[in-house]
Amino acid sequence: VDILHMNEDELVLLTGCNILDTKDSEDEDEFTIAKAADLFLQCGVAIVAVTRGRKGSYVACNTAERFGQTPALPSSWANCSVHMPATALPEGTQLNTNGAGDAYTSGLLVASMLRHTGKVITSNLNKSTESQTETSDRKDNSAVSTANSMKIGGSSSTGKKMTPYALYMRENFVTLKQQCKNDKKAIFAMCHEMWENESEEVKAMYARMVKEEYDDVAATNEASSSILSDTSMEVLESNLSSKDYAGVEFQTEHTANASLNLQSAVQLAGLIAARHVDVSTRDLDHLDLSELIQKSIISLSPVVSNEI
């Protein structure tokens, strides 16, 4: 078995684990679910997914050796696991949960098959710092170039454009960071909920801002550039640091044959399931997969090694 999906009740029936399901037992329940899922990994299952309704989902992956037996699976998922909160829907949304598990599994399957979705973000940080030192007495001449280079998300022949959602997230990051006490998962979950609840007028405004401010900005890929990981949290942290990053140019590039990392894949599965349980979207003829993938990639937080 490559991918095994079950809901929380089925996990309890199959393993006999005890989930307390109280407000104070959240951490204990997550540990219990991880231990129970590990039993199936020990039996040779490559990926175990447990859906928990409003409490989100948990996905655990087997070793690189096991993934090697199924080349179609993303090798980067090996030895990883993630607890993902449920996708937030606007208050008052009419729900129909029939088939929610099937929709989630479909999303996870799609995510496992996607390729060319990886990205690295490069910057000319080292060179920029040296340049600022050399030209500190020429502030007037460098003002324009500094202002332009602080615009992240410019496109290139291999780059990826800034999206309205990404811009929205960047502008709300400082406030959310304070409110969520630097909890990355909570920051991204809250930002996603805020975006989903915004009016169409607000979303259209951000779309115009992206078009006006970012479409024509190209980032330069320096040969000696430093590499940041592909967590957008680090990009936001870098962008919001003050003087040290003046004049830094960023460029996002696709990595050949790269798949979604596990965190993004589980996020995508949750987004697809949310579209299915929402009565207003469950019967649509198609989903905008590109938009959902973009939201999944933006909403990144660290994936931990699957150590039980």
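## Make-up of the largest pocket

By class, 18 polar, 16 nonpolar and 12 charged residues line the largest pocket. The structure is a predicted model, and the pocket values below are computed from it.

The space in this largest pocket comes to about 1,200 Å³. Its lining has 46 residues. Those that lie nearest the centre are Gly-53, Arg-54, Lys-55, Gly-56 and Ala-86.

## Elements around the largest pocket

Several helices and one strand give two or more residues to the lining of the largest pocket. The helices are H1 (8-15), H2 (26-42), H4 (100-113), H8 (184-197) and H11 (262-277). The strand is S4 (80-84).

Which element gives the largest share of this lining? Helix H11 does, with eight residues.

## The second largest pocket

About 470 Å³ of space lies in the second largest pocket. This pocket is lined by 21 residues. Nearest its centre lie Glu-196, Arg-275, Asp-288, Glu-291 and Lys-295.

By class, the lining of the second largest pocket has eight charged, eight nonpolar and five polar residues.

## Elements around the second largest pocket

Four helices each supply at least two residues of the lining of the second largest pocket: H7 (164-179), H8, H9 (200-213) and H12 (289-298). Of these, H12 gives the most, with five residues.

Helix H8 is listed for both pockets: H8 gives two or more residues to the lining of the largest pocket, and H8 also supplies at least two residues of the lining of the second largest pocket.

Terms used. Residues are numbered from 1 along each chain as its sequence is written. This is a predicted model: local features need pLDDT of at least 70, side-chain atom pairs count only at pLDDT 80 or more; totals for chains, interfaces and linings use all residues. Side-chain values use heavy atoms; hydrogens and water are left out. On a 1 Å grid over the protein atoms alone, a cavity is a set of points where a 1.4 Å probe fits but cannot get out, and a pocket is an open set with protein on both sides within 12 Å along at least five of seven lines; lining residues have an atom within 4 Å of a point. Grid points are joined across faces, edges and corners, and a volume is the space filled by probe spheres set on the points. Ala, Val, Leu, Ile, Met, Phe, Trp, Tyr, Cys and Pro count as nonpolar, Asp, Glu, Lys and Arg as charged, and the others, Gly among them, as polar.
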